[in-house]
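Me: Hi! I'd like a friendly tour of this one, since I've never looked at it before. Can we go through it piece by piece?

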Amino acid sequence: MANDKDLLQVVRLLDDACKEAGFFYVKGHGIDESLMREVRNVTREFFQLPYEEKLKIKMTPQSGYRGYQRIGENITKGKPDMHEAIDCYTPIRPGKYGDLAKPMEGSNLWPKYPSNFEVLLENYIKLCRDISRKIMRGIALALGGAIDAFEGDTAGDPFWVLRLIGYPVDIPEEQRTDTGCGAHTDYGLLTLVNQDDDICALEVQNRSGEWIYATPIPGTFVCNIGDMLKVWTNGIYQPTLHRVVNNSQHYRVSVAFFYESNFDAAVEPVEFCREKTGGAAKYEKVVYGEHLVQKVLTNFVM
């Protein structure tokens with residue numbers, strides 16, 4: 001690899017993007033643009049169904065916080081978000097992680113309509129996992145580590161989260177707030193966002209504190225890094241605040257795939273990153289599953 005100039009160039013670009021912005025576009029990733037569009041289309045078709053039909057896969061504590069949530073049920077920093085969504089997670093069989101994962105045990109709730117929803121999404125999830133693993137290998141190299149630095153106990157068995165999100169425009173005034181999704185950072189290692197091509201709504205806070213659009217580029221994923229990567233790199237890479245404000249006149253769909261560490265991984269600053277940042281750990285150890293469960297249990301009003 002040391003003699004592969006194209007690879008080294010990509011690794012340098014990745015390092016710059018993670019250090020300077022925490023956000024970047026991914027192209028040439030191997031998922032057809034037509035498949036990305038089809039995933040958004042079936043998501044839109046589901047959200048267009050009658051409310052009673054959507055409630056057949058309603059998210060509850062009993063479902064392991066998987067399934068459909070209404071507009072305003074997702075909360076960011078105490079404020080209702082103006083979106084509806086389906087939340088999916090890596091299936092967790094009872095007892096797999098002991099008490100750690102108990103609130104999130106279970107399988108995903110897939111709708112009967114559109115009829116191709118489950119098959120399409122399960123294939124899409126597999127492809128997103130493969131891309132994410134490749135990007136994490138690039139990030140490992142960018143940091144000066146071994147290509148498999150994130151395998152094994154860190155992310156050899158990566159947990160994943162998929163959120164299929166719809167941002168309506170015709171929300172009653174008494175229910176409406178000003179954001180589709182409030183400002184936040186993501187919990188895990190890496191996020192891939194598949195967003196509508198023709199609506200600017202995802203905003204990223206730059207280093208000057210200004211909110212700028214992550215303007216859609218057809219066929220690309222918008223990619224950003226999360227909290228676990230900040231801890232693992234001892235702050236070399238920092239996640240970036242982002243939010244969604246849909247000021248367009250059109251319903252917007254976004255499908256976000258979150259690539260995480262192992263559910264039971266104890267994530268802490270890795271030695272070679274500590275050496276680059278003065279030697280001392282700047283962050284305490286975080287058990288990813290505890291971090292996720294704590295967020296999930298406080299994210300919803302049902």
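Reply: Happy to, and we can start with a single side chain. The side chain of Asn-108 reaches the backbone oxygen of Tyr-89 at 2.8 Å. Keep in mind that this is a predicted model.

Me: OK, and where does Asn-108 lie?

Reply: Asn-108 is in the loop between strand 5 and helix 4.

Me: Is Asn-108 buried or exposed?

Reply: Asn-108 counts as buried, because its relative accessibility is 14% and the cut-off for buried is under 20%.

Me: What does the side chain of Asn-108 make a polar contact with, besides that backbone oxygen?

Reply: The side chain of Arg-66, at 3.0 Å. Leaving out residues up to four places away in sequence, Asn-108 touches Arg-66, Asp-87, Cys-88, Tyr-89, Pro-91 and Trp-160.

Me: Staying with that loop for a second, which peptide bond is cis?

Reply: The one from Tyr-113 to Pro-114, where omega is near -10°. Pro-114 also sits in the loop between strand 5 (84–89) and helix 4.

Me: Let's zoom out to the sheet. How many strands form it, and in what order?

Reply: Seven strands form an open sheet, ordered 1-11-8-13-6-5-2, with antiparallel pairing. Strand 1 (23–26) and strand 2 stand at the edges with a single partner strand each, so one side of each has no neighbour in the sheet. From one strand to the next, the twist averages 20°.

Me: What holds strands together in a sheet, generally?

Reply: Strands of a sheet pair through backbone hydrogen bonds, and they can do so in a parallel or an antiparallel way.

Me: What does strand 8 pair with?

Reply: Strand 8 has four bridges to strand 11 (residues 221–225), in the antiparallel sense. Another six bridges join strand 8 to strand 13 (residues 252–259), and these two also run antiparallel.

Me: Which residues stand opposite each other there?

Reply: Leu-192 stands opposite Cys-223 in strand 11. On the strand 13 side, Thr-191 has Phe-258 as its bridge partner.

Me: And how many bridges link strand 6 to strand 13?

Reply: Eight, with strand 6 (residues 160–167) and strand 13 pairing in the antiparallel sense. Phe-258 turns up again here, since Val-161 stands opposite Phe-258 in strand 13.

Me: Back to strand 8. How many of its residues are buried?

Reply: Six of the six residues in strand 8 (residues 190–195) are buried. Both faces are covered, with Leu-190, Leu-192 and Asn-194 on one side and Thr-191, Val-193 and Gln-195 on the other.

Me: New topic: how many residues are in the largest nonpolar core?

Reply: That core has 86 residues, and the ones with the most contacts inside it are Leu-121, Ile-139, Phe-150, Leu-162 and Leu-190. Its largest share, 12 residues, comes from helix 4 (residues 117–142). As a general point, nonpolar side chains in soluble globular proteins tend to be buried together.

Me: What does Leu-121 touch?

Reply: Not counting residues up to four places away in sequence, Leu-121 touches Val-39, Val-42, Trp-110, Leu-162 and Leu-164.

Me: I saw some cysteines too. How many disulfides are there?

Reply: The count comes to zero disulfides. A pair of cysteine sulfur atoms has to be within 2.5 Å to count as one.

Me: Why is there no bond from Cys-128 or Cys-200?

Reply: The sulfur of Cys-128 is too far for a bond, because the closest cysteine sulfur, in Cys-223, is 11 Å away. For Cys-200 the closest cysteine sulfur is in Cys-181, 17 Å away, which is also too far.

Me: Are those two buried or exposed?

Reply: Cys-128 is buried, at 0% relative accessible area, whereas Cys-200 is partly exposed, at 31%.

Me: Last one. Which residues have a positive phi although they are not glycine?

Reply: Tyr-65 is one of them, with phi of about 60°, and Asn-234 is another, with phi near 60°. Tyr-65 is in the loop between helix 3 (51–54) and strand 2 (67–69), and it counts as buried at 11% relative accessibility. Asn-234 is in the loop between helix 5 (227–232) and strand 12 (242–244), and Asn-234 is buried too, with a relative accessible area of 0%.

Note on methods: Residues are numbered from 1 along each chain as its sequence is written. This is a predicted model: local features need pLDDT of at least 70, side-chain atom pairs count only at pLDDT 80 or more; totals for chains, interfaces and linings use all residues. Side-chain values use heavy atoms; hydrogens and water are left out. Buried means under 20% relative accessible area, exposed over 50%, partly exposed in between (1.4 Å probe, protein chains only). A nonpolar core is a set of buried Ala, Val, Leu, Ile, Met, Phe, Trp, Tyr and Cys residues joined through side-chain atoms within 4.5 Å. Contact means heavy atoms within 4.5 Å. Two strands pair if DSSP finds at least two bridges between them. Axes are lines fitted to C-alpha atoms, for helices over the stretch in contact, and angles run from 0 to 180 degrees between N-to-C directions. A polar contact is a pair of N or O atoms within 3.5 Å; within protein, one must be able to donate a hydrogen and the other to accept it, and residues adjacent in sequence count only if both atoms are side-chain atoms.
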